[in-house]
Amino acid sequence: MPRPSSQADQALLSSGRALYPLAGCAGLSVRRVAEHAGVQPGLFHYHFRNKNAFLAAVLQGLYEDAFAALSAAAAGPGPAVARLGAVLRLVGDLLREHGAVIGRLVIDLAQGEPAVADFVRANAPRHLALLAGLMDEAERAGQIRPMPPLQRMAFVMGAVAAPLIVGRGLQALQPEHPLLADRIGPDMLSADATSARVDLVLTALRQGKECA
């Protein structure tokens, strides 16, 4: 009997990436994924033990792509504070690119979906450790002022990432106030707005320090 094609595996994962932001864990049925991928439902069960295993593979694939990009930026040339700026700008790019996925993750996490809770528990420490390591390196080199690590992380992520997450939520609510309706995109979600916030963050972290 011929072995099922590995192309079916990739087609199912691609469909999972496309459908997850729309359907979330609850709506991502085996039949729906198989129909979207153009394969028989039996191939789903051949390649993946169950729906939770499939969701884990979909989410992990997305995360590994993003983490590889962050790791490359963190390991680039130049002083640590410059690499920190590059990583933070990339965080903004990734949040814009995958905003729909992140929004769905937040919803599923709040609803107690086990696959999402396991995914976040396993992976959140990885990119936080990467950022913390860069900031520690910059502090040791005298490029940024000393701060308690958790306080510094909260400040940095609150300034860079939080506006992108909150802004998408506000957009979904379609606020009637003209300031919010007209300025969420340019002032909270755009690449220029993110870059400006990163510059402000780096200025605050450098305060009182001579940067190499």
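This report describes several helices of a predicted model, together with the salt bridges and buried residues that belong to them.

The structure is a predicted model, in which local features need pLDDT of at least 70 and side-chain atom pairs count only at pLDDT 80 or more, while totals for chains, interfaces and linings use all residues. Residues are numbered from 1 along each chain as its sequence is written, and side-chain values use heavy atoms, with hydrogens and water left out.

## Helix H8 and its surroundings

Helices are DSSP runs of H or I with at least four residues, and they are numbered from the N terminus. Helix H8 covers residues 149-160, and its twelve residues should span 16 Å at 1.5 Å a residue, which agrees with the 16 Å between its end C-alpha atoms. The expected span used here is 1.5 Å times one less than the number of residues in the helix.

Which residues of H8 are buried? In H8 the buried residues are Arg152, Met153, Val156, Met157 and Val160, where buried means under 20% relative accessible area, exposed means over 50%, and partly exposed is in between, calculated with a 1.4 Å probe on protein chains only. These buried residues cover an arc of only 115° around the axis, which puts them on the same side of H8; the arc is that of the directions from the helix axis to the C-beta atoms. An α-helix has 3.6 residues a turn, so residues three or four places apart point the same way. The face of H8 turned away from the buried side carries the exposed residues Leu150 and Ala154. What covers the buried residues of H8 includes helix H5 (80-97), helix H7 (114-140), helix H9 (162-173) and helix H11 (191-206).

## Helix H7

Helix H7 has 27 residues and reaches 39 Å from its first C-alpha to its last, close to the 39 Å expected at 1.5 Å a residue. Nevertheless, H7 bends by about 30° at Asn123, and a proline, Pro125, follows within four residues; the bend at a residue is the angle between axes fitted to the seven residues ending there and the seven starting there. Asn123 is also one of the buried residues of H7, which include Phe119, Leu130, Leu131, Leu134 and Met135. Just after H7, Gly142 takes a positive phi of about 75°.

## Salt bridges

A salt bridge is a side-chain nitrogen of Lys or Arg within 4 Å of a carboxyl oxygen of Asp or Glu, and a search of the whole structure finds nine of them. The table lists some of these pairs.

| Pair | Closest N to O distance |
|---|---|
| Arg17 and Asp65 | 3.3 Å |
| Asp136 and Arg152 | 3.2 Å |
| Glu139 and Arg152 | 2.6 Å |

Asp136, Glu139 and Arg152 are linked in a network of salt bridges. Glu139 lies in helix H7 and Arg152 in helix H8, so this pair ties together parts that are 13 residues apart in sequence. Arg152 counts as buried at 2% relative accessibility, whereas Asp136 is partly exposed with a relative accessible area of 30%, and Glu139 is partly exposed with a relative accessible area of 27%.

The salt bridge of Arg17 with Asp65 has its closest N and O atoms 3.3 Å apart. Arg17 lies in helix H1 (residues 6-27) and Asp65 in helix H4 (residues 51-74), so the pair ties together parts that are 48 residues apart in sequence. Arg17 is partly exposed, with a relative accessible area of 34%, and Asp65 is partly exposed, with a relative accessible area of 47%.

## A buried arginine without a salt bridge

Arg197 is found in helix H11. Arg197 is buried yet has no salt bridge, and the nearest side chain of opposite charge, Asp187, is 8.1 Å away; here Lys and Arg count as positive and Asp and Glu as negative, while His and the chain ends are not counted. Leaving aside its neighbours within four places in sequence, Arg197 is in contact (heavy atoms within 4.5 Å) with Ala159, Val160, Pro163, Leu164, Asp187 and Met188.

## Helix H6 and a glycine pair

Helix H6 (residues 99-110) has twelve residues that should span 16 Å at 1.5 Å a residue, and its end C-alpha atoms are 17 Å apart, which agrees. In H6, Gly99, Val101, Arg104, Leu105 and Asp108 are buried, and H6 is followed by Gly112, whose phi is positive, near 75°. Gly99 and Gly169 are 70 residues apart in sequence and 10.0 Å apart in space, C-alpha to C-alpha. Gly169 has its place in helix H9 and counts as partly exposed at 34% relative accessibility.

Terms used
Helix = DSSP H or I, 4+ residues; strand = E, 2+ residues; numbered from the N terminus.
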